[in-house]
Amino acid sequence: MVEIFSMVVSAPCRAVLLKGTANALNVEHSIKNINLMKQEQMAEDFVAMNPAHVVPTIKDGDFVLWESRAILQYLCNKYDKENKFYPVDAQARARVDYLLNFDLGTLYKAIGEYVYPIWLYKQAPDAEKLKAMEAKFEFIEQHLLKGAYLNGDSPTIADISISCSLYVPTFVGFKFCPEKYPKITAFREKMATFANNEELSAQIAECMKAMMAAEEKSE
Ligand SMILES: N[C@@H](CCC(=O)N[C@@H](CS)C(=O)NCC(=O)O)C(=O)O
């Protein structure tokens, strides 16, 4: 039984919930919601398990892991017997790993630097940080999205992780203009309906759709 400690509003948590896993991979699991607003991640038992006190965290037997992308890779390695979301071919897997690293170190970093000061600390938008973030979007548009998904015609954990990152700018009213970002727009729409028939994926897809609807409403 894999325990997933999570808060659904968090982008890396959504990546883990959306699929790297559990229902999609038929992993027996339970979800424990950790309310960051109430500082539940600082509870003694949680910090004892994960001294970095972040979500998502998973516990698989005695094995504890955090960092969403590592969790996605672990769950695929251990439970994705059909290798649906994490290809085994060395070069195909290297490309997924590249995309996960690009997300963590470049894309999500630039998004966080622009969004979090505004969203969490109510600071004024920073034009330079906006420019830096948009440069990453232009890079994805021009160089990464060659097929329907980032790695071709079927989704991988890199699509999951990057699509979750791409929701974050919308928290502060950023809009992906379809004329400027036609491929990203199509990709985001595809990922918003990405779900299998399982309850968890459906819940997350609902959450993502609601976020997109809220985005449209504010236009
Ligand atoms: N790089 C990490 C980020 C994890 C992270 O910073 N999680 C935030 C929520 S989005 C958190 O739990 N913050 C609580 C804290 O730092 O105490 C990942 O992808 O899992």
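Which residues lie nearest the centre of the largest pocket? In this predicted model, they are Ser10, Pro12, Leu36, Tyr108 and Tyr116, and the pocket has 27 lining residues.

**The pocket**

The space in the largest pocket comes to about 750 Å³. Its lining is made up of 18 nonpolar, six polar and three charged residues. Four helices each give at least two residues to this lining: α1 (11–18), α3 (68–79), α4 (90–121) and α6 (157–165). Helix α4 provides the largest share, which is seven residues.

**The ligand and its shell**

The largest pocket is where the ligand sits. Around the ligand are Ser10, Pro12, Leu36, Gln41, His53, Val54, Val55, Pro56, Glu67, Ser68 and Arg69. Sorted by type, this shell has five nonpolar, four polar and two charged residues. Ser10, Pro12 and Leu36 belong to the shell, and these three residues are also among those nearest the centre of the pocket.

**Polar contacts**

Oxygen atoms of the ligand pair with protein atoms of Gln41, His53 and Val55. The table lists the distances.

| Residue | Protein atom | Ligand atom | Distance |
|---|---|---|---|
| Gln41 | polar side-chain atom | oxygen | 3.0 Å |
| His53 | side-chain N or O atom | oxygen | 2.9 Å |
| Val55 | backbone N or O atom | oxygen | 2.8 Å |

Gln41 and His53 use side-chain atoms for these pairs, whereas the atom of Val55 belongs to the backbone. How much of the ligand's accessible area does the protein cover? On its own the ligand has 510 Å² of accessible area, and the protein covers 74% of that.

**The loop between α2 and β3**

Some of the shell residues have backbone features to note. His53 is in the loop between α2 and β3. Its phi is positive, about 40 degrees, although His53 is not a glycine. The side chain of His53 also supplies the N or O atom that lies 2.9 Å from a ligand oxygen.

Pro56 is in the loop that runs between α2 (44–49) and β3 (57–60). The peptide bond that joins Val55 to Pro56 is cis, with omega about 0 degrees. Val55 is the residue with a backbone N or O atom 2.8 Å from a ligand oxygen. Both Val55 and Pro56 are part of the shell around the ligand, as is His53.

Terms used
Residues are numbered from 1 along each chain as its sequence is written. This is a predicted model: local features need pLDDT of at least 70, side-chain atom pairs count only at pLDDT 80 or more; totals for chains, interfaces and linings use all residues. Side-chain values use heavy atoms; hydrogens and water are left out. A residue is near a molecule or strand if one of its heavy atoms lies within 4 Å of it. A polar contact is a pair of N or O atoms within 3.5 Å; within protein, one must be able to donate a hydrogen and the other to accept it, and residues adjacent in sequence count only if both atoms are side-chain atoms. Accessible areas come from the Shrake-Rupley method with a 1.4 Å probe; for residues, only the protein chains shown count as cover. On a 1 Å grid over the protein atoms alone, a cavity is a set of points where a 1.4 Å probe fits but cannot get out, and a pocket is an open set with protein on both sides within 12 Å along at least five of seven lines; lining residues have an atom within 4 Å of a point. A molecule sits in a cavity or pocket if more than half of its atoms lie within 2 Å of its grid points. Ala, Val, Leu, Ile, Met, Phe, Trp, Tyr, Cys and Pro count as nonpolar, Asp, Glu, Lys and Arg as charged, and the others, Gly among them, as polar. Grid points are joined across faces, edges and corners, and a volume is the space filled by probe spheres set on the points.
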